[in-house]
Amino acid sequence: MNAENVHQDIDLAAPDMPREPEDVVSEPAADFHDESEVPAADALSDAGSEVPAADALSDAGSDVPDAGSTAGDSDAEPAAAHAEPAAPPAESAAAHAESAAPPTGTMSAERLATKALEARLLGGERKLRRREVAAGAGLSLLSARKLWRALGFPNLGDEDVAFTERDQSALSSIVDLVRDGKLTEEAAISVTRAIGQMTDRMVVWQVEALVEDMVQKQGVPDAVARKRLVSELPNLIDALEDMLVYSWRRQLNAAVQRLAVRAEAGLQSSEEGREGDEDDAPLPLARAVGFADLVSYTSLSRRMNEKTLAQLVQRFENKCAEIISVGGGRLVKTVGDEVLYIAETPAAGAEISLALSRAFTEDEILPQARVAMVWGRILSRLGDIYGPTVNLAARLTALADPGTVLVDSMTAAALERDERFVLVPRPAEDVRGFGEIHPVQLQHGSGRGLVLD
């Protein structure tokens, strides 16, 4: 699909127009939009900071009833949410009689707590249908659905009363950026998708951490902890929201510092030892790209129970995050037993890589790690990084011995005058996609190396 078609498809700046009924069921695909629906939440929240708690809990495997069921599910008739509970089958009548179900027409304490929490998170009771929200923002339903999908919300039916006035305000906020010419439609979709994906992962992570804490402190089963969390969350919301906004502002400021001047300085420093015809030459950012991969993780995980495996994974990620941040780098992502990170200079990348290798070698619980780092140019998109530099770092990681750090010959050339590092050439290797390369083992030289508090 070309760019012209994309604009015709979304057209966020266009006013709402009458549409044929079949638009409710189908819509044309667009390059910037996933065809699959990710049920992260079922109502548009305010700029990503207001997340329906009941939906997040259910994503994490909770037994808490869906707080949005009164709004109706897209796969069910709206009236079903208000129907009386079905009579229990005859064979379970005794068990049903013994349960603590409230009298007909009343809500359980858990249900009331969930409803109150939802109203607080969503900014009020759900009173609006999707067409009403779209019209209030001056959008076609198709355009509104594009933004909701970018945030990770599932489809809802025309009669589902699932939205609040805050949903309409949030929709208007992003659309106004397009109408005012501050963002293109493609950029608005991309920024919105970043908010949706990051907050979805963040909420699931936070819920799991809180549930695990309750299991350990209160000695209750996982399912019980998930139900109790609903009553605990109101005491945590304000602090968590404050920390979210604080962290976002600090991270945005750090990103600003990496822009323009520092980016240009990085490109200039990356010219040393290069001919200008390297595979990564057209890419815009100069970065040290590193991988750390735990040794024998697969076989270890097969012998561990759930609790021990969770502790190992958390210890691994926490240690990586701490070392990378102290070294001035950025943890790009963690995939199972492997972490991908970047730094702005070859020396910073080398210090982080050596510190990671040493930390896992000295750790009494975690196995050793294979580490590799390559200085080169990359493309940064969608919160991830791409390019030959990333691929070469991954290939070198597979070649490294446990407890060692490998770099390529060009990275070694950028570090050879630095007394903090010792470079030991290794035999040439034939690497898929790169041909013959000359790995160099990186070791500590003079100085203390990266010091953790």
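**Exercise 1. Strand S3 and its partners**

Which residue in S3 is the bridge partner of Ala292?

*Solution.* Before any value is read, note that this is a predicted model, in which local features need pLDDT of at least 70 and side-chain atom pairs count only at pLDDT 80 or more, while totals for chains, interfaces and linings use all residues. Residues are numbered from 1 along each chain as its sequence is written, and side-chain values use heavy atoms, with hydrogens and water left out.

Step 1. Helices (H or I, at least four residues) and strands (E, at least two) are DSSP runs, numbered from the N terminus, and two strands pair if DSSP finds at least two bridges between them. The bridge partner of Ala292 in S3 is Val339.

Step 2. Strands S1 and S3 run antiparallel and are joined by six bridges. Strand S2 (residues 330-335) also pairs with S3 in the antiparallel sense, over five bridges; here Leu331 has Tyr341 as its bridge partner in S3, and Val335 has Glu338.

Step 3. The hairpin of S2 and S3 has two residues between the strands, and in this hairpin Gly336 takes a positive phi near 60°.

Step 4. Five of the six residues of S3 are buried, where buried means under 20% relative accessible area, exposed means over 50%, and partly exposed lies in between (1.4 Å probe, protein chains only).

**Exercise 2. The nonpolar cores**

Determine which elements supply the largest nonpolar core, and which residues touch the most other members.

*Solution.* Step 1. A nonpolar core is a set of buried Ala, Val, Leu, Ile, Met, Phe, Trp, Tyr and Cys residues joined through side-chain atoms within 4.5 Å. The largest one has 35 residues, of which Ile352, Leu356, Phe360 and Leu442 touch the most other members.

Step 2. Among the elements that each supply at least two residues of this core are strand S1 (285-294), helix H13 (306-326), strand S3 (338-343), helix H14 (346-362) and strand S10 (440-444). H14 gives the most to this core, with nine residues.

Step 3. Leu442 has contacts (heavy atoms within 4.5 Å) that include Ala350, Leu354, Val405 and Phe421, when residues up to four places away in sequence are not counted. Apart from this core lies another, of 21 residues, with Ala137, Trp148, Ala150 and Leu171 among them.

**Exercise 3. Salt bridges within and between elements**

Describe how the pairs Arg226 and Asp222, Arg315 and Asp363, and Glu351 and Arg420 are placed along the chain and with respect to burial.

*Solution.* Step 1. A salt bridge is a side-chain nitrogen of Lys or Arg within 4 Å of a carboxyl oxygen of Asp or Glu, and a search of the whole structure finds 14 of them.

Step 2. The closest N and O atoms of Arg226 and Asp222 are 2.5 Å apart, and both residues lie in helix H9 (residues 222-232), four residues apart, about one turn of the helix. Arg226 is buried, at 6% relative accessible area, whereas Asp222 is partly exposed, at 36%.

Step 3. Arg315 and Asp363 meet in a salt bridge of 3.0 Å, N to O. This pair links distant parts of the chain, with Arg315 in helix H13 and Asp363 in the loop between H14 and S4, 48 residues apart. Arg315 is partly exposed, at 34%, while Asp363 is buried, at 10%.

Step 4. In the bridge of Glu351 with Arg420, the closest N and O atoms are 3.5 Å apart. Glu351 lies in helix H14 and Arg420 in the loop between H16 and strand S7 (421-425), so the pair ties together parts that are 69 residues apart in sequence. Glu351 is buried, at 13%, and Arg420 is partly exposed, at 34%.

**Exercise 4. Thr164 in its loop**

Is Thr164 buried or exposed, and what does its side chain reach?

*Solution.* Step 1. Thr164 is placed in the loop between helix H6 (141-151) and helix H7 (165-179). With a relative accessible area of 2%, Thr164 is buried.

Step 2. The side chain of Thr164 reaches the backbone oxygen of Leu122 at 3.0 Å.

Step 3. Not counting residues up to four places away in sequence, Thr164 touches Leu122, Gly124, Glu125, Arg126 and Leu128.

Definitions and conventions. Polar contact = N/O pair within 3.5 Å; in protein donor to acceptor, adjacent residues only side chain to side chain.
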